[in-house]
Each structure stands twice: as structure tokens, then as C-alpha cells.
Amino acid sequence: MANDAALNAPAAPWRHVAALRNPWLLAGLALLTLLGLWSATGTTPVAVALLWKWLPSLLRGLLVNIEISVLAVALGTLVGLVVGALLLSPSKPVQRLARLYVQAFRNVPLLVLIYFTTYVFPFEVHIGPWSFAFPDWLKVVLGLALPTSANVAEIFRGAIQSIPSAQWEAAQSLAFRRREILRLIVLPQCLRRMLPPWMNLYASITMSTSLASLVGVHDVVDMAQIASNTVVRTDFTILVYFTLLALFFAYCYPIARATRALERRHERH
Amino acid sequence: MSDSLLVPGVQALKGLGLNYAFVLDDMERQAFVRGLGVSLQLCLLTIPASLAVGVLLAALLSSGRAWLAAPARAFVEVTRNTPTLVQLYCAFLVLNMLITQQLRDWGAGPNPLTPFLWVVIVVSLHKGVFHAEALRAGIESVPHTTLEAARSLGFSRRQLLARVQLPLAVRFALPSLVNNLVDLVKMTAVASAIAVGDVTYQSIMIWTQRDNVLELLLLILLWFGLLTGLVSLAGRWLEQRLRMPGYGQ
């Protein structure tokens, strides 16, 4: 025990310094200190005070973006896995049809797809005696789910094909059935390989949700524009748009970091 | 195109339930064709500009000097992890406003930066970041043994870079560069957000009058399909031309 303490003693201050050298932590601490100083001395700049007032609305807007992205990616993943399976189908016409779907939706500008789903779908759906409202944000979800499904299909196909065929043969020689090989051997490995590109896709779809503001969804970008047009102050406009940038960065950068960490871990295996 | 050719065409498509009557209206047809031209111009300007940004950033990132690499790294991270639309707003609504105000204060006349130029700048910087990542990966994937072999043959550092490392790196990076360029072509549609008259914007103007969204979207998709097709064709041609025995398939 005494030895452990002696060994750990020099490590502790070093770790302390390393934490201080983390640029994100430093920036956060500096910001907190500045805010504390302002509120303590009562010299908060007007623009910052206004931003503080608008921040809850901005965050509520960001929640809309996150909801759209989660729903779109969930839906896109479900459809994409089916399409991905069709891409690997032994039947040539089915394969060609799935290929066409993937090619088409990967090569369309996202903005154009969002316009498409917004203007082509009706604003109300009638099923028998019931009618449901079909809000704009749901149309954006559909517009983003289509390219997501095409990309997930490609990711799935790539992952399945990256498993060496020798594994299939080895499993067959051990008397596994096709379904068992898929379930017990191929899919578990695929899931691991699919995770990093899928996370990348999620981050990019999250960023694309900002396009929803162009078709009238009250998301965070729309909220920032409303705030800027309501307050009409140069310094506030600067602050609110760069806050917008910071909000998206704060949400997407950790995802990117986690993806890279996962990729690095897989490389080592 | 003469009306004698357009009228039967529009009639035929009407039979299919597609309303392309706008092409018979001179104003709307010209606006749409102008939109096609603006989208093409955007692509033709942003492709070389983004490649230049990519080369510059890749040089900074792999320079080995921390004071050059760290700001470049930060720029790359921020650009990769924020939406293009928000970047465009930050540039056009904030920077452009500040520049306009500053010029007015100095009495230097109107702001020379048009929305069109801002789209070129922002999209070039955005995609340049992705090019830089591709080029950096290409530079890193040049085998050490090749570089050592070249050094042992008496290549200087500069020769090594110009004759061995960069030619190989560009070949390794080419597929992802072409991929990025296809993305870039699709990304130019974002120009419509700040009222640059590209094909998307002109189409919105037309369909708010005529309610023919599907018809115009088909045309937009055809146009973007053509442009992305040309880019990937050019990419494949370049890959064929630059192919070296022993590398790639």
C-alpha cells in the first residue's frame, strides 16, 4: 500500500496539468469566469443579457432539430436495413431495383428532397373517416429518412461483404444453417463495423436538419432568425448566429470524437 | 428553342399529367434557364476554389509546425461539425453585414461581395476541409519504404515531395476527392437559401405561381443528376489516366 501511494504520488500532479491543458476545459472555464465576473459586477453587455433571455427558445428549437434527426435516422435505418438486404438478394431484378433506389437517393441534394416531401405530400391525410394533420416537421423527417435509408443500405451491404467468405464456408462445414450463420457469426461482426459509419451518418443528418428552417419548421435556425429580427442590434445578431454555430458544434463534435475513438479501437483489433 | 417545338412537347407531357406550361411563358422559361446557368457557374467556380483550399489546408495540417497545424485543425473541426446553412448565415448575414457597415463608415462605396460570391466562398471552404482530410490521408498512406528508397537514391526533400510523395498521395486521395466533388455539386442547392438565383431558387419562384412542384423537381433532379454524373465521369477518367501499375485495381 505504501508503495502504491509512492508510485501514484508523482502521477497525480501530472494528470492535473493534463486536465488544465485540455483546450475545451480551458475555454469553458474562461467563459464561466467571464460570466461570473459580469453578473457579480453588474456589467453584463446588453447583447449577452438578451442572448441569455433568448437561450431557452433557442434550446427548444434545438430540441426540434434533435427530434427530427432521431426520428429520421430511426426510420431511415429500419428501411435501409431492408433495402440493404435486398441489395444482397440473389434475385437479379430485385438487386437492380434496390441499386436504383440507393443510387437515386444518394445523388439527390438533400434540400431538394426536403422541398419535395414538403410540397408534394398533403397537409392532411384522410384514412377512412379519420383525418390526421401532416405537419411540416414530419415531412422533413420523411425527406431526411429517404437519403438515410439509402446510405444505411450501402453501409449494411459493405459490412456484410467485408466478412470474409471463408467464415461462411467454415461455419457451413461446422453444420451451421444459413440463418444461424447470419445470426451468430456474420451479423455480430457487422454491427461493430457498421457503428462508426452509422454515427457519421447520424451527425450529418443532424446537421442537415437545419434545412428544415427553409420550409417553415420552427427549429433552432428559424428561432435564431426570429431573435435577430426581433432585437435588431448588430452585436446581438453576431452573437446569436455564432451561438447557433456553437450549439450545433457542441452537439455534433462529441459524436465525431466518439466515432473516431471507435474506429481507432477497431483498427487495433 | 422555337415555339413550334415546345408546344407539342408540353401537350404530350400534359397527356402524362405533367404540367410544364411554364416553358411557354418567355419570362419564366428564361428565368429557369438562367437558373440552370447559375448552378453550373457555381459548380465551375467552387470546384477549383475548394481544391485550392484543400491543398492549402492539407499543407498546413501536415507541415509539422504546431502553430500552423493547430489553427488549421480547429478550422477543420468546426467546419466539419456545423451545418453548411448555418455557416452560410454566419458569413452572409453577419460578416457581410459587418463588411457593408465598415465600408459605409469609410465611405468606400457599396459592398463588392454579392450573395453569389458568398456561396462560392462558404461552399469552397466547407468542401476544402473535406478535400484536405482526403489529401492528408493520401499523404500518410504513401509507404515509408518508398520514401526511404527515394531518399537513398539522393532525392532532396523538395524533390521527394514533388516527385514521389505528392503524385502518389493525389492518386490515393482521388476517389474520395471525386466523392467530395459530387457532394459539392449537390451542396450548391443551398445557395437558394440566401436568394442566389440558382435552379432551385428559380424553381421555387415558378412553383409558388403555378403549383407544379413535382414537374420542376424532376427537372432539378435531372440537372443535378447530369452535373454529378459529369463529375464522376471526369473522376473515373482521371483515375484511369493516372493509374500506375502496381497500385489499385
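**Figure 1. A hairpin in chain A of this predicted model.** Here strand S1 (residues 124-127) of chain A lies beside strand S2 (residues 130-133) of chain A, and the two pair in the antiparallel sense over four bridges. For one pair of partners, find Glu124(A), which stands opposite Ala133(A) in S2(A). Two residues sit between the strands of this hairpin, and Gly128(A) takes a positive phi near 60 degrees there.

**Figure 2. Chain A from end to end.** How many helices and how many strands does chain A have? There are ten helices and two strands. Starting at the N terminus, the order of the elements is α-α-α-α-α-β-β-α-α-α-α-α. The C-alpha trace of chain A spans about 75 × 75 × 35 Å along its principal axes. Its radius of gyration is 25 Å, while a compact globule of 269 residues would have one near 18 Å. Buried residues account for 30% of the 269 residues in chain A. Now think about contacts in chain A with a separation of 6 or more: 77% of them join residues 24 or more positions apart.

**Figure 3. How confident the predictor is along chain A.** The mean pLDDT of chain A is 86, and 92% of its residues reach 70 or more. Which element of chain A has the lowest mean pLDDT, and which the highest? Helix H1 (residues 2-20) of chain A has the lowest, at 52, and helix H3 (residues 46-87) of chain A has the highest, at 93. Take special care with residues 1-12 of chain A, where pLDDT stays under 50. For that stretch the model has zero contacts beyond four places in sequence. Where pLDDT is low, the predicted coordinates should not be read in detail.

**Figure 4. Chain B, built from helices.** Chain B has nine helices and zero strands, so its pattern along the sequence reads α-α-α-α-α-α-α-α-α. Along the principal axes, the C-alpha trace of chain B spans about 70 × 55 × 30 Å. A compact globule of 249 residues would have a radius of gyration near 18 Å, and chain B has 23 Å. Of the 249 residues in chain B, 33% are buried. Among contacts in chain B with a separation of 6 or more, 74% are between residues 24 or more positions apart.

**Figure 5. Where the two chains meet.** In this view, 25 residues of chain B are in contact with 26 residues of chain A. Which elements of chain B give two or more residues to the side that touches chain A? They are helix H3 (66-80), helix H4 (84-106) and helix H9 (213-242) of chain B. H9(B) gives the most, with eight residues. By type, this side of chain B divides into 17 nonpolar, five polar and three charged residues.

**Figure 6. Val213(B), with neighbours in both chains.** Val213(B) has its place in helix H9 of chain B. Leaving aside residues up to four places away in sequence, Val213(B) touches Tyr119(A), Val120(A) and Trp207(B). Is Val213(B) buried or partly exposed? Val213(B) is partly exposed because 18 other C-beta atoms lie within 10 Å, and a buried residue needs 20 or more. You can also look for Ser203(B), ten residues from Val213(B) in sequence and 8.1 Å away in space, C-alpha to C-alpha.

**Figure 7. The largest nonpolar core.** In soluble globular proteins, nonpolar side chains tend to be buried together. The largest nonpolar core here has 110 residues, of which Val112(A), Ala224(A) and Leu244(A) touch the most other members. Helix H5 (residues 115-140) of chain B gives the most to this core, with twelve residues. Not counting residues up to four places away in sequence, Leu244(A) touches Val220(A), Val221(A) and Ala224(A), and also Val86(B) from the other chain.

**Figure 8. A close look at Ala134(B) in helix H5 of chain B.** Why does Ala134(B) count as buried? Ala134(B) is buried because 23 other C-beta atoms lie within 10 Å, and the cut-off is 20 or more. Beyond four places in sequence, Ala134(B) touches Ala173(B), Ser176(B), Leu177(B) and Asn180(B). Val170(B) is another residue to find: 36 residues separate Val170(B) from Ala134(B) along the chain, yet their C-alpha atoms are 9.0 Å apart.

Technical notes. Residues are numbered from 1 along each chain as its sequence is written. Chains are lettered from A and ligands numbered from 1 in the order in which they are written. This is a predicted model: local features need pLDDT of at least 70, side-chain atom pairs count only at pLDDT 80 or more; totals for chains, interfaces and linings use all residues. Two residues are in contact if their C-beta atoms, placed from the backbone, lie within 7 Å. Ala, Val, Leu, Ile, Met, Phe, Trp, Tyr, Cys and Pro count as nonpolar, Asp, Glu, Lys and Arg as charged, and the others, Gly among them, as polar. The radius of gyration is taken over C-alpha atoms; the globule rule is 2.2 Å times the number of residues to the power 0.38. A residue is buried if 20 or more other C-beta atoms lie within 10 Å of its own, exposed if 12 or fewer, and partly exposed in between; C-beta atoms are placed from the backbone. A nonpolar core is a set of buried Ala, Val, Leu, Ile, Met, Phe, Trp, Tyr and Cys residues joined through C-beta atoms within 7 Å. pLDDT is the predictor's confidence in each residue, from 0 to 100. Two strands pair if DSSP finds at least two bridges between them.
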